[in-house]
Every structure is written in structure tokens, then in C-alpha cells.
Amino acid sequence: MNVIFLLAAYLIGSIPTALIVGKLFFKIDIREHGSNNPGATNTIRVLGKRAGLIVLIVDIGKGALAAALPLLFHLDMEPLTLGLIAVVGHCFPIFAHFRGGKAIATTAGTLLVVNPWMLLIAYVTFFGVIFITKYVFLGSISVGVALLIYSFFQPGMGYELIFFLFIIFLLFLHRSNIRNFIAHKEPKINDKKVKDDRIKK
């Protein structure tokens, strides 16, 4: 039975929201534009705020729904586990040839169900780092760091190893951003060149 719900969480996460919005309303593959990432940030960059907001809400909802499965079906399963399986599905979606997003929105949905305090701390850190550095990828990686630090102050949770592995996962997902950053090619969020990626409907 647990395997069925783990698979369900993965399939929920695998719904390629940005890809669907791009192809349905703009006739493009979002993975071929901007940063090539099928997530909310690149959707805003390429398709605009309204399209990006739709992607953001649905991607958050994917994580929240997966994490809520134990509550909805009275399962003896850890909501964080199912939520993070959905995050894996979001990043490596079977419905999009395993070319997915970079975890942040779906992680937010997971934390919304699992522990709203973790959500608050992680995403205050996320926006704070972006505000200071102007790099979205640094904000994304900081989510994992904030969650790990938070877990050390909540010893009964037992999430330390999970969040340490999550940081490794985030570093892997953002490896191209890290390479570009080292080569001084990673655009900042306020880079005027980013606006050139915008596609008119």
C-alpha cells in the first residue's frame, strides 16, 4: 500500500506545470527559452507574471497535496517523505522526459503541510538571500541550508539527515548555475538582459 502512495506522490510531482502552460497558451517549450528551467521563475522571465503565478500556485499545490496524502487517507507515513517524493517528481518528471524544475515551489507546498514554521524560516531566508545577492540560485540553495539549521534546533524532529541530503540535491540541481556563477556568466535577477528573454503572446 505504501508503495502505491509513494508512486502517487511522484506522479503528482511529475505534472509539468510550466511545460503545460507554455505549450497550451504560448505554443512554446519553456525548456528552450530563458534559463531553460521549467519552473515558476523562468516562466515569469519568459512568459510574464500571470503565467508564472499560475505555475507557482500549481507547483506549490503539488507538494502540499502529496504531503497531505497521509492525512487524507489516514496513512502511517511521514508527510515530509511523500512531499519530498513529489519534489523529486517535479525535478525529474516522467511526463516530461525527466527534465523538470528545481524544487523550490514544490518544496514550499510540502513545508506548508508539514510545518509552516519551517516554511516561514526557509522562505524568509530564500527571499532575503535573493534580495542581498540578486541571485535566485543562491536563494534556492539557502532553503536547504535554513532547513538543516532549523532541524538542529528541533532535535526531536529527526530531519537532520534528510535536510543534509536535500542540500546535496539542491547543489546538484543548480550545478549549471554554480558553473555560470564561477565563470561570471550567471545573470542576476535584475539583469537587464533577462528582459530580452520575454516572449510576447
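## Charged pairs, a nonpolar patch and annotated spans

The count of salt bridges comes to 2, where a salt bridge is a side-chain nitrogen of Lys or Arg within 4 Å of a carboxyl oxygen of Asp or Glu. The structure is a predicted model, in which local features need pLDDT of at least 70 and side-chain atom pairs count only at pLDDT 80 or more, while totals for chains, interfaces and linings use all residues. Residues are numbered from 1 along each chain as its sequence is written, and side-chain values use heavy atoms, with hydrogens and water left out.

### The salt bridges

Side chains of opposite charge can pair when their charged atoms come close. One salt bridge joins the side chains of D29 and R31, with a distance of 3.0 Å from N to O. D29 has 12% relative accessibility and so counts as buried, a word that means under 20% relative accessible area, whereas exposed means over 50% and partly exposed lies in between (1.4 Å probe, protein chains only). R31, at 6% relative accessibility, also counts as buried.

The other salt bridge links K62 with D59, whose closest N and O atoms are 3.2 Å apart. K62 and D59 are separated by about one helical turn, because they stand 3 residues apart in helix α4 (residues 49-73); helices here are DSSP runs (H or I, at least four residues), strands are runs of E with at least two, and both are numbered from the N terminus. K62 is buried, with a relative accessible area of 4%, and D59 is buried as well, with a relative accessible area of 2%.

### A buried charge without a salt bridge

Which residue of opposite charge has the side chain nearest to buried E186? It is R45, 6.5 Å away, and E186 has no salt bridge; in this reckoning Lys and Arg count as positive and Asp and Glu as negative, while His and the chain ends are not counted. E186 lies in the segment after α10 (175-182). The side chain of E186 does make a polar contact with the side chain of N177, at 3.0 Å. A polar contact is a pair of N or O atoms within 3.5 Å; within protein, one must be able to donate a hydrogen and the other to accept it, and residues adjacent in sequence count only if both atoms are side-chain atoms.

### The nonpolar surface patch

L7, L11, I15, I20, L24, F25, I94, F95 and F98 make a nonpolar surface patch of about 850 Å². The elements that give two or more residues to this patch are α1 (2-13) and α2 (17-25), and α2 gives the most, with 3 residues. Patches are made of residues with over 30% relative accessible area and no salt bridge, like charges being joined within 9 Å and nonpolar side chains (Val, Leu, Ile, Met, Phe, Trp, Tyr) within 5 Å. The accessible areas come from the Shrake-Rupley method with a 1.4 Å probe, and for residues only the protein chains shown count as cover. One of the patch residues, I15, is found in the loop between α1 and α2, and its 36% relative accessibility is why I15 counts as partly exposed.

### Annotated spans

An unreviewed UniProt entry places the feature "transmembrane region" at residues 6-26, 53-73, 79-96, 117-150 and 156-173; UniProt positions are given in the numbering used here, feature names are shortened, and annotations may be inferred rather than shown by experiment. In the model, the end C-alpha atoms of residues 6-26 lie 33 Å apart, and the span is 81% helix and 0% strand. For residues 156-173 the end C-alpha atoms lie 29 Å apart, and that span is 78% helix and 0% strand.

### Positive phi and pairs across the chain

N36, which is not a glycine, has a positive phi near 70°; N36 is found in the loop between α2 and α3 (40-47) and counts as partly exposed at 39% relative accessibility. H184, also not a glycine, has a positive phi of about 60°, lies in the segment after α10 and is exposed, with a relative accessible area of 75%.

The table gives C-alpha separations for pairs of residues.

| Pair | Apart in sequence | Apart in space |
|---|---|---|
| H33 and I178 | 145 residues | 19 Å |
| T17 and I178 | 161 residues | 25 Å |
| F169 and G61 | 108 residues | 21 Å |

H33 lies in the loop between α2 and α3 and is partly exposed, with a relative accessible area of 24%. T17 lies in helix α2 and is buried, with a relative accessible area of 7%, while F169 has its place in helix α9 (residues 160-173) and is buried at 19%.
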